[in-house]
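Me: I'd like a close look at a single part of this model. Could you pick one strand and walk me through its surroundings and its partners?

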Amino acid sequence: MTSRLRIAITLALLGLASFLPATAGADPPSYLTQWGSAGSGNGQFSGPFRVATDGSGNVYVVDLGNNRIQKFTGTGAYLTQWGSPGSGDGQFFNPSGVAIDGSGNVYVSDQGNFRVQKFTSGGTYLAQWGSPGSGVGQFDNPVAVATDGAGNVYVSELGNNRIQKFTGAGAYVTQWGSSGSGNGQFSSPDGVATDIAGNVYVVDRGNNRVQKFTSAGAYLTQFGSNGGGDGQFFNPGGIAVDAAGDVYVADSNNQRIEKFTGAGGYLTQWGTFGSGNGQFGYPYGVATDADGSVFVADYENSRIQKFGDAATVVTAATWGRLKRLYR
């Protein structure tokens, strides 16, 4: 009998089988918790627009209307915040995107100031780059930002219909995209995300699709079309990729989250319009953590909702203790 099987039998006898990792399926995740309300106090929001997680499971929220970033634990406990209206270092004018690199640095697309700002995980200002325009390293409405495992930073530009790639220090690397509906073209590109292999997924909002590229910008594939059916979109916004390579898209005007394989195969969806648990009022940002939980920035409801499956979650410490019992 294998050690894993003995652990499974023990957990079943104890009524704890839900702590074993489950095989991924097509069922939507369960509602777990939420936090936030309308306002400007700690833990309140005025248009939570985008959300990201770090390697420790902390959650960063772009509080667009309050021109700040708020940081929480994975269960919604308030930790800290930074930002105020303005154009100085560490200030924002309609921030719209946030991403965390492997070292915990935080990148914010400061849309109204046509720049990207870089901070420590505690909100200390480090650097910035960008100016208005269409040249290399310039921006026209930089709406979203993502990082990859090599520390590169990808910026999605609504106005210039392109993706620009930079080093973590802001040095220009490459770009791709132009206005249109062909392969590799965009109509208001929005959310951007990367997978563990370095592939880049872009929400092509105006074309109601997601396009997938190599890290150098070579076109790979696409999925989605206009509509409300499975795998269709109506003004999608944010996107995230989990550790298994599955892709989550905030299908904003359809008031739902859709889940796909990395190749674009439809898996499942959840959400309807409303303010109840698991309902949405224009969901815009989406992020995942290492446990597979999904966080959604529920814009009009001024809250963050967390989804997942307790049956798939087991901490490293718990799993380690169980394994030691059967060595």
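Reply: Happy to; what follows is a look at one strand, its pairing and the confidence of the model. This is a predicted model, in which local features need pLDDT of at least 70 and side-chain atom pairs count only at pLDDT 80 or more, while totals for chains, interfaces and linings use all residues. Residues are numbered from 1 along each chain as its sequence is written, and side-chain values use heavy atoms, with hydrogens and water left out.

Our strand is E19, residues 247-251 (strands, E, are DSSP runs of at least two residues, numbered from the N terminus). Five of its five residues are buried (under 20% relative accessible area with a 1.4 Å probe, protein chains only). In a regular strand the side chains alternate between the two faces of the sheet. Here both faces are covered, with Val 247, Val 249 and Asp 251 on one side and Tyr 248 and Ala 250 on the other.

Now the partners (two strands pair if DSSP finds at least two bridges between them). E18, residues 239-241, pairs with E19 in the antiparallel sense over three bridges, and Tyr 248 is the bridge partner of Ala 240. Five residues lie between E18 and E19 in this hairpin, where Gly 245 in the turn has a positive phi of about 90°. E20, residues 256-260, also runs antiparallel to E19, joined by five bridges, with Glu 258 opposite Val 249. That hairpin has four residues between its strands, and Gln 255 in the turn has a positive phi of about 55°.

As for confidence, the protein chain has a mean pLDDT of 90 (the predictor's confidence in each residue, from 0 to 100).

Key. Buried means under 20% relative accessible area, exposed over 50%, partly exposed in between (1.4 Å probe, protein chains only).
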